[in-house]
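Biologist: Please look closely at one strand of this model, and then place your account in the wider context of the chains. How is the strand set among its neighbours, and what surrounds it?

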Amino acid sequence: MLIYTAQQIVNGLVLGSMYALLALGMTVVYGILRLVNFAHGGLITIGAFIFFYTLSVLKLHFILTLVIALLLGAAIGFLLDFVAYRKLRGGPEVALLITSLGVYIFIENTTKLLASPQPYAFRPPALFLQRFALKGIVFSSTDIFIILSALSIMAAFTMFIKRSRLGIAMRATAERIETARLMGIDVNKVIVTAFMLGSAIAAITGFMWGAKYGQISYDMGFMAGVKAFVAIVVGGVGSIPGAMVGGYLLGFTETLMVGTLPPGFAEYRDAFVFTLLLLVLLLRPIGLMGRKEAL
Amino acid sequence: MLVVNNVHVAYGKIPAVTNLSFAVDEGQIVALVGANGAGKSTVLKTVVGVVKPLSGKIFFSENDITSWGPERRVRAGIVLVPEGRQIFTTLSVYENLLLGAYHRRDHKLRHDFEQIYNLFPILKERAQQTAGTLSGGEQQMLALGRALMANPRLLLLDEPSLGLAPLVVRDIYKTITEICQTGITVLLVEQNINMIIHLVNYVYVMQTGEIKLHGPPQEVFKSEDIKQAYLGG
Amino acid sequence: MNANLLFKHFKFIVGVIVGYGLLLLANYTMDRYTVYIIALIGIYAIAATSLNLTNGYTGLFSLGHAGFMAVGAYVATLLTFPVRLRIAYNLPLLPPFLGGPEYQWPFIPALFLGGLAAAVGALFVGIPVLRLRGHYLSVASLGFMVIVTTLAKGLKNITRGAAGIQAIPHYANLWWIYGWLVITIYVIWRLLDSSYGRAMLAIRESEVSAQAQGIHVTYYKILSFVISAFFAGIAGGLYAHFARSIRPHEFSFSMTFYVVIMLIIGGAGTLLGPTVGAATITAIKYALKPIEEGLKIYGLVEVLYAILLIVVMLWWPQGIVGGIKTLIAFWRKGKGGKENVRVPVGNVDRT
């Protein structure tokens, strides 16, 4: 029984790490623009496919692949803002939402078009395929990679946002965009940086997702992207640590539900997540650590 | 130093400022007064660049800055302390001050921090505190300090006394006078004319978007009628 | 009724007669396949028109429309499913008072109940969510759709799970569908012309001002949401009894996206926009399908839709009908007409 719980905890940690990263990437943009960027999920898909292509087809070294994926992810983030969102800033929030939806559909179906409607088997480098057993708890090197890199990325990001000049400027812009302009902050640059950072993080999470589940497909990003938003709501809107906490909470809750309920209920995992969302919205819409958001 | 020429500003279809012209000489403290809705805040926002005029020109130290964005104007030395202070409540006092100097690339920051802390000792005390926990008066000091960190040549103040107790306001204005004595030009908007009547060199009285009167304060406010007519008593 | 209202009704009735005339023509001159598509357009037009109530007129952004359609489809189907087939299809779990082994519901009440069930679902989602900002509704309504389809897949004893239900009685045809479309448009039209409609438009313009005017914003949002869900449920029920087969994975996000894009392209915030959008998008889809199949480039149609949506949002947010109205106003007023252009999506409250 103890082993089983411990196993669930490990599984929850892995899933939670991925959700936490996704939530982090999404909240960077959300904090500043109040935009639920549906396209974020699309970046997971793109990231995964970039890794697939460079690793399996071009057969490049993993580190090089990592760098390429991060750069490409950031570039696409930049493009997104430039092409689709910039023109709509300052307008109705809903317009941005709809456009971000359109962007996601575009990404999903372009991937379907260029790659294939069928899922691909995803084989990460051999390093990631080691399996371990510790006192009956099973995990793989991929799991270790996911947890460790998630923690490092989150730590690095927190350092950035708290200590660096640009990071502080981002927090200021997230709070009051007009006053930030008065400080001489180039708000456009801040927003673009937010998009690029978020997208790069999403790209790398795409790799993790693919490595963990062994396959990638054109529609893998959708649910992940939406769940990232659920994580943000649960953990606290507008709060960066909240997003990360929310991600882990979501990961644990989902794992727990799937693990403890009878097998037939496993397919209900997504429904659970959304029921959780509705509950949180009903009882405490601010989330765990959220700041009061003007309605 | 600052020359505003025939400026028209409108929010959508609603005109806010019509055919406005005025000037501020270097080293002066100039006040814009008038009742609510006269357009005073709009003038300041237009000078700092967050609001674009429909027509007219703005000159600063011989440069035509009409097309400049706020980022560029801040770098040139035009700094606004907005209405309601608008400090970043989720950031610390220190971070707020740091942001004031965001656009600066020079290395005299530590020196300037010392200066601000000398001017407002309470800020040094509360340097690591979240700005949202400060009192109204302390927030105003923070807002002033933040503006000073930007190395302003022209300081714009939008209703610095708003929502503050009279004693606090007195202190604030004392500080503002000290600031002016260091050579910084000040243009302020104020509804409470009694506070400023002895401090300022020149006054512009606005009503419904236009300048109706101007001159040294003693002349302009000679009679109670003027006060009644333009400022609602 | 005053004279103006009478005249408007007159125009409406004329429009309906003309419409039916066209349908009659189409039915007798075109082939079965085209008529099938025209009927499908009708169903989607109902869905899009109902979505128009929330997304177009109240400034909300619901993404769960497929969920409401699914509820309507399944509820209506389970009620009308012929008794003898229930045993064959292993659907014993229907509680006796609903139908039992002897009974089979007639079409209209079943359809209504489907719509009602969808409306109740909307209440469940709307009450916690609509007092918050717009994007919460988007994700929550999406979640509702996921919950519904997951339940449909999971409750195998009631819904046959992922296999879905086939051989549904063919109660819906061209006339039924377009009849319901007329009803939907009529209801929404009268709604908009009333104080309720004015409240909604005020909310769309600016929630803050609306609240200041004493309008109970959340109440009206919930009302819009529920009514919209009702008609979506009707659309779902009609779909089930027209296509004669339903499966959970049909009511996916893709379907919601189709309805959204029909609304936007056709023109959100206009009465006929959604119908025009439904026709346009469906026509494009069926025109391009052969190419997609032939060249094996799956996803082409959706990519085009996505690009179309983005382009429309950036440059032409009023959609086709909205654009036409603008052009007419422009033409009539000369230069002054341009000021009447407004983005019909969402309101401009930004903090």
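**A strand and its setting**

Modeller: Of the 295 residues in chain A, 55% are buried (20 or more other C-beta atoms, placed from the backbone, within 10 Å of the residue's own; exposed means 12 or fewer, and partly exposed lies in between). This is a predicted model, in which local features need pLDDT of at least 70 and side-chain atom pairs count only at pLDDT 80 or more, while totals for chains, interfaces and linings use all residues. Residues are numbered from 1 along each chain as its sequence is written, and chains are lettered from A and ligands numbered from 1 in the order in which they are written.

The strand I have chosen is β8 of chain B, residues 185–189 (helices, H or I with at least four residues, and strands, E with at least two, are DSSP runs numbered from the N terminus). Because 5 of its 5 residues are buried, β8(B) is largely enclosed by the rest of the structure. In a regular strand the side chains alternate between the two faces of the sheet. Here Thr185(B), Leu187(B) and Val189(B) point one way, whereas Val186(B) and Leu188(B) point the other way, and all are buried.

Two strands pair with β8(B), pairing being at least two DSSP bridges between strands. Strand β3 of chain B, residues 29–34, runs parallel to β8(B) over 4 bridges, and Ile29(B) has Val186(B) as its bridge partner. Strand β7 of chain B, residues 154–158, is also parallel to β8(B), over 5 bridges, with Leu154(B) opposite Thr185(B). From β7(B) the chain passes through helix α7, residues 166–181 of chain B, to reach β8(B) in a right-handed β-α-β crossover (clockwise from the first strand over the helix to the second, with the strands pointing away from the viewer).

As for the wider context, chain A contains 11 helices and 4 strands. Its C-alpha trace spans about 60 × 50 × 35 Å along the principal axes. Towards chain C, 37 residues of chain A are in contact with 45 residues of chain C, contact meaning C-beta atoms, placed from the backbone, within 7 Å. On the chain A side, the elements giving two or more residues are α4 (93–114), α9 (220–235) and α11 (269–283). The largest share, 14 residues, comes from α4(A).

Terms used: Two residues are in contact if their C-beta atoms, placed from the backbone, lie within 7 Å.
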